[in-house]
Amino acid sequence: MKIDLTETTSSKINAALVQARRDIGTPAVGMVLTLVIVTDEENAYDALKSANDASHEHPSRIIVVIKRVSRSPRSRRDARLDAEVRVGADAGSGETVVLRLHGELVNHADSVVLPLLLPDAPVVVWWPEGAPSDLAGNPLGALGQRRIADTYACEDPIGVLSGRAAAYAPGDTDLSWTRITPWRSMLAAALDQQAFQVTSAVVEGEDENPSCELLAMWLADRLKVPVRRTPSAGPGLTSVHLETKDGEIVLDRADGSLATLRMPGQPDRSVALKRRDTAELLAEELRRLDPDNIYASALKFGVAKLESARAQEGRAGAEPAAAEAVAEAVAEAEAPGDAAGSASAAKGGKSAGKAAAPAKKASAKQ
C-alpha cells in the first residue's frame with residue numbers, strides 16, 4: 001500500500017502510518033529499529049532497495065530523507081514537505097516513509113525526522129554517499145546510536161579516512177570496513193591454527209580503495225609489523241601476504257569470488273570470498289548496535305602512518321643512487337684533468353685499476 005502526501009507535516013505522516021496498518025490488518029508495530037537514510041533523488045532508489053532487502057533480517061521503519069535542490073531564491077524561501085508512506089508488500093518487512101524536503105526545511109531535517117522515530121527503539125543513520133566528515137556532529141547523525149557511511153563512494157576516499165579518524169565518535173562505522181570482514185576472519189583463523197610470528201605484510205588491491213587501506217591499518221595496528229600497500233587491477237582487494245619466519249601466508253582472490261589460502265606446511269585451500277552487495281553489508285552492520293572498537297582502533301592508526309612507512313622505504317631505495325651521484329660530483333671537483341676520466345675514477349675500485357693498467361703499458365712502449 002502506498003499513500004502520497006503533499007505539503008504535509010510529521011503528525012499527518014504518523015496518522016497515515018497508523019491508518020495504513022489498520023487497513024492492511026496489522027495494527028501492531030513489530031519493528032526493532034528505525035533506519036534513517038540520508039540521500040539524494042539520484043541514489044534514493046538503490047539505497048531503498050538495499051534497505052528493504054536488509055529489513056527481511058531486521059524489520060524496521062525506514063525513513064528516507066531526500067533534500068531537494070532549490071533552483072531559485074523564491075523556492076529556497078518556501079518550506080514544503082512531501083511524503084510517501086509505504087506499508088505491506090511495498091515496504092519489505094517493515095514500513096517506509098520517503099520524505100522530500102524543499103526550501104528552508106532542508107536545513108531542519110532533524111526536526112522533521114524526530115517525531116517519526118519509533119519510540120524506545122534504536123536509531124541507525126545511513127549515508128549511502130555524501131556523508132559529512134563529522135558523522136556524530138551532524139544534526140541527523142546525532143539522532144542515531146549507530147552512524148553508517150560509505151567511504152568508497154567519495155572522490156578522495158583516502159583523505160576522507162583521515163578526516164573520519166579525527167572526528168570519530170563511538171557508533172561511527174563504514175561499509176568499506178564491513179567489506180573486509182570475511183578477509184579479517186580468514187586471516188585471524190589462519191594465524192590461530194599455528195603460532196606463526198608475522199614479521200611484515202603486504203596488502204594488494206585497487207588504488208584509492210578505502211577497504212584496502214583499512215585492512216592494512218588493521219594489520220599494522222593488531223600485529224605491530226610494517227605493512228606495505230601495493231596497487232593491483234582489482235577487482236577490489238585482491239591478496240594479502242603475511243611474511244613469517246616459517247614461510248609466507250597468502251590469501252589470494254584474483255576473480256572477486258573464490259580465494260586461495262596458502263600456508264607453510266599445508267596444502268592450498270579454496271575458500272569462498274565473494275564480493276557482497278550493499279544489502280548484505282547493511283544487514284551485517286544492523287546486527288550490532290554497540291560501538292565497534294576494533295574499527296576505531298584501526299581507523300585511528302591512520303593512513304598517515306602507512307604513508308610515512310612508504311616514504312621511508314622510498315628514501316631507503318633512493319640512497320644508493322644518491323650516494324653514487326655525490327661521489328661522482330666530488331671526484332669531478334677534485335680532479336684537475338679530464339672530466340670523463342675523473343667520473344669513471346669516482347666510480348672507483350676495480351674498474352679504475354683496470355683502466356690505469358693499460359695506460360702504463362702504453363707509456364712504456366713509447
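Guide: A residue is called buried when its relative accessible area is under 20%. Keep that cut-off in mind. The model in front of you is predicted.

Visitor: What makes strand E3 mostly covered?

Guide: Strand E3 spans residues 60-67, and 7 of its 8 residues are buried. Each of those 7 residues falls under the 20% mark, so the strand counts as mostly covered.

Visitor: How do you know that E2 and E3 are paired?

Guide: Two strands pair if at least two bridges are found between them. Strand E2, residues 33-39, is joined to E3 by 7 bridges. The requirement is at least two, so E2 and E3 count as paired. They run parallel. For one pair of facing residues, look at Leu-35, which stands opposite Ile-62 in E3.

Visitor: What partner does Ile-62 have in E5?

Guide: Its bridge partner there is Thr-96. Strand E5, residues 95-102, pairs with E3 in the parallel sense over 7 bridges.

Visitor: Why is the unit of E2, H2 and E3 called right-handed?

Guide: Helix H2 covers residues 41-54, and with E2 and E3 it makes a β-α-β unit. Point the strands away from you. A crossover is right-handed if the path from the first strand over the helix to the second runs clockwise. The unit of E2, H2 and E3 is right-handed, so its path runs clockwise in that view.

Visitor: Which strands stand at the edges of the sheet that holds E3, and why?

Guide: Start with the order, E1-E4-E5-E3-E2-E6-E7-E8. This is an open sheet of 8 strands with mixed pairing. E1 (2-5) and E8 (172-174) have a single partner strand each, so one side of each is left without a neighbour in the sheet. From one strand to the next the twist averages 15°.

Visitor: How many bridges link E6 and E7, and in what sense do they pair?

Guide: Strand E6 (residues 123-126) and strand E7 (residues 146-149) share 3 bridges, in the parallel sense. Again, at least two are needed, so 3 bridges make a pair. Here Val-125 stands opposite Arg-147 in E7.

Visitor: What angle do H7 and H8 make, and how close do their axes come?

Guide: The axes of H7 (residues 181-193) and H8 (residues 210-223) cross at roughly 30° and come within 11 Å. Angles under 35 degrees count as roughly parallel, so that is the name for H7 and H8. The crossing is right-handed. On the H7 side, the contact is made by Trp-183, Arg-184, Leu-187 and Leu-191. On the H8 side, Leu-215, Trp-218, Leu-219 and Leu-223 take part.

Visitor: Which strands do H7 and H8 lie across?

Guide: H7 lies across E9 (198-206), E11 (237-244), E12 (247-252), E13 and E14, and runs at about 20° to E11. H8 lies across E9, E10 and E11, and runs at about 170° to E9. Angles over 145 degrees count as roughly antiparallel, so H8 is roughly antiparallel to E9.

Visitor: In what order do the strands of that second sheet come?

Guide: The order is E10-E9-E11-E12-E13-E14, an open sheet of 6 strands with mixed pairing. E10 and E14 stand at the edges with a single partner strand each, so one side of each lacks a neighbour in the sheet. The twist there averages 20° from one strand to the next.

Visitor: What joins E13 to E14?

Guide: 4 bridges join E13 (residues 258-262) to E14 (residues 269-272), and the two run antiparallel. Leu-261 stands opposite Arg-269 in E14. The hairpin has 6 residues between the strands, and in it Gly-265 takes a positive phi near 75°.

Visitor: Is Thr-230 buried or exposed, and why?

Guide: Thr-230 has 16% relative accessibility, and the cut-off is under 20%, so it counts as buried. Thr-230 sits in strand E10, residues 227-232. Among the residues it touches are Val-202, Val-203 and Glu-204. Gly-205 is 25 residues away in sequence but 6.7 Å away in space, C-alpha to C-alpha.

Visitor: Why is Glu-7 called exposed?

Guide: Its relative accessible area is 56%, and exposed means over 50%, so Glu-7 qualifies. Glu-7 lies in the loop between E1 and helix H1 (10-23). Its phi is positive, about 50°, although it is not a glycine. Most residues other than glycine have a negative phi.

Visitor: Where does Asp-120 lie?

Guide: Asp-120 lies in the loop between helix H4 (109-113) and E6. Its phi is also positive, near 55°. At 86% relative accessibility, over the 50% mark, Asp-120 therefore counts as exposed.

Technical notes:
Residues are numbered from 1 along each chain as its sequence is written. This is a predicted model: local features need pLDDT of at least 70, side-chain atom pairs count only at pLDDT 80 or more; totals for chains, interfaces and linings use all residues. Side-chain values use heavy atoms; hydrogens and water are left out. Buried means under 20% relative accessible area, exposed over 50%, partly exposed in between (1.4 Å probe, protein chains only). Axes are lines fitted to C-alpha atoms, for helices over the stretch in contact, and angles run from 0 to 180 degrees between N-to-C directions. Angles under 35 degrees count as roughly parallel, over 145 as roughly antiparallel, 65 to 115 as roughly perpendicular and the rest as oblique. A crossing is left-handed if the near helix is turned anticlockwise from the far one by less than a right angle, and right-handed if clockwise. Contact means heavy atoms within 4.5 Å. Lists of a residue's contacts leave out its neighbours within four places in sequence.
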